Amino acid sequence: EVFDYLIQNLKDIPDIQFLGNPDLKSGLVSFNIKRIHPNDLAMILSKQNVCVRVGHHCAMPIHKRFGVEASLRVSLGIYNDQTDVDSFIKALNKTIGFFK
């Protein structure tokens with residue numbers, strides 16, 4: 001349920017580009033926001049106490065294959081709930097707004 005909630009909220013964000021199929025229920029999702037480098041997004045998110053992974057995620061060949069320099073990855077664990085997703089989405093939207 002929490003993962004579905006995350007994906008539903010991410011799909012509402014303009015200019016999001018998912019890497020892979022976000023509807024597969026894996027507990028993590030990799031994505032980029034058009035015209036914003038993922039390292040910049042991750043740095044500003046960290047200032048808001050939001051931790052995401054950034055880079056190739058041990059998948060450099062597939063990043064190269066699709067011409068993607070790097071990506072952000074958000075992961076959910078058994079301890080996460082919808083409140084965590086809400087905090088993440090709020091921080092992500094604030095960060096995107098900073099760059100726009």
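Trainee: Exposed means over 50% relative accessible area, buried means under 20%, and partly exposed is in between. Where does that put Phe98 in this model?

Mentor: Keep in mind that this is a predicted model. Phe98 has a relative accessibility of 59%, and because that is over 50%, Phe98 counts as exposed.

Trainee: And what about Phe99, buried, partly exposed or exposed?

Mentor: Phe99 comes out at 31%, so it falls between the two cut-offs and counts as partly exposed.

Trainee: Cool. How many aromatic pairs are there in the whole structure?

Mentor: The search turns up 1 aromatic pair. That pair is made by Phe98 and Phe99, with 5.1 Å from centre to centre.

Trainee: Why give an angle as well as a distance?

Mentor: Because a pair of aromatic rings is described by both the distance of the centres and the angle of the planes. For Phe98 and Phe99 the planes are 85 degrees apart, and the pair is edge-to-face.

Trainee: Nice. What sits over the ring of Phe66?

Mentor: The charged end of Arg65 does, at 5.2 Å from the ring centre.

Trainee: Switching to pockets. What volume does the largest pocket have?

Mentor: About 340 Å³. There are 20 lining residues, and the ones closest to the centre of that pocket are Val50, Cys51, Val74, Asp84 and Phe88.

Trainee: Which elements give two or more residues to that lining?

Mentor: Strand β4 and helix α4, which spans 82-99. Helix α4 has the largest share of the lining, with 7 residues.

Trainee: Let's stay with β4. Where is Ser71, and is Ser71 buried or exposed?

Mentor: Ser71 belongs to strand β4, residues 71-75. Ser71 has a relative accessibility of 0%, so it counts as buried.

Trainee: What does the Ser71 side chain pair up with?

Mentor: The side chain of His63, through a polar contact of 3.0 Å. Outside its sequence neighbourhood of four places either way, Ser71 is also in contact with residues including Leu19, Phe31, Arg53 and His57.

Trainee: His57 sounds interesting. Where is it?

Mentor: His57 is in the loop between β3 and α3, with α3 covering 60-65.

Trainee: Which backbone oxygens does its side chain reach?

Mentor: Two to mention. The His57 side chain reaches the backbone oxygen of Ser71 at 3.0 Å, and that of Gly55 at 3.5 Å.

Trainee: And what else does His57 touch further along the sequence?

Mentor: Beyond four places in sequence, His57 touches Ser30, His63, Ser71, Leu72 and Arg73. His63 is also in the contact list of Ser71.

Trainee: Is there anything odd about the backbone in that loop?

Mentor: Look at Cys58, which is in the loop between β3 and α3 too. Cys58 has a positive phi of about 60 degrees although it is not a glycine.

Trainee: Is Cys58 buried or exposed?

Mentor: Cys58 counts as exposed, because its relative accessibility is 87%.

Trainee: Which residue just after α2 has a positive phi?

Mentor: Asn49, with a phi of about 60 degrees, and Asn49 is not a glycine either. Asn49 is placed in the loop between α2 and β3, and it is exposed because its relative accessible area is 72%.

Trainee: OK, helix α2 itself. Which residues there are buried?

Mentor: In α2, residues 38-47, the buried ones are Pro38, Leu41, Ala42, Ile44 and Leu45. The elements covering them include β2 (28-33), β3 (53-55), β4 and α4.

Trainee: Give me one of those up close. What does Leu41 touch?

Mentor: Leu41 is at 0% relative accessibility, so it counts as buried. Not counting residues up to four places away, Leu41 touches Ile33, Ile36, Leu72, Leu92, Thr95, Ile96 and Phe99. That brings us back to Phe99 of the aromatic pair.

Trainee: How far is Leu41 from Val52?

Mentor: They are 11 residues apart in sequence and 9.3 Å apart in space, C-alpha to C-alpha.

Trainee: And Asp40, is it buried, partly exposed or exposed?

Mentor: Asp40 is in helix α2, and because its relative accessible area is 33%, Asp40 is partly exposed. Asp40 and Tyr79 lie 27 Å apart, C-alpha to C-alpha, with their positions 39 residues apart in sequence.

Terms used. Residues numbered from 1 in each chain as written. Predicted model: local features only at pLDDT ≥ 70, side-chain atom pairs only at ≥ 80, totals over all residues. Heavy atoms only, no water. Helix = DSSP H or I, 4+ residues; strand = E, 2+ residues; numbered from the N terminus. Buried < 20%, exposed > 50% of the residue type's maximum accessible area, 1.4 Å probe, protein only. Polar contact = N/O pair within 3.5 Å; in protein donor to acceptor, adjacent residues only side chain to side chain. Contact = heavy atoms within 4.5 Å. Phe/Tyr/Trp six-rings, centres within 6.5 Å; stacked < 30°, edge-to-face > 60°. Lys NZ or Arg CZ within 6 Å of the ring centre and 35° of its normal. 1 Å grid on protein atoms, 1.4 Å probe; cavity = no way out; pocket = protein on both sides within 12 Å on 5 of 7 lines; lining within 4 Å. Points joined across faces, edges and corners; volume = space filled by probe spheres on them.
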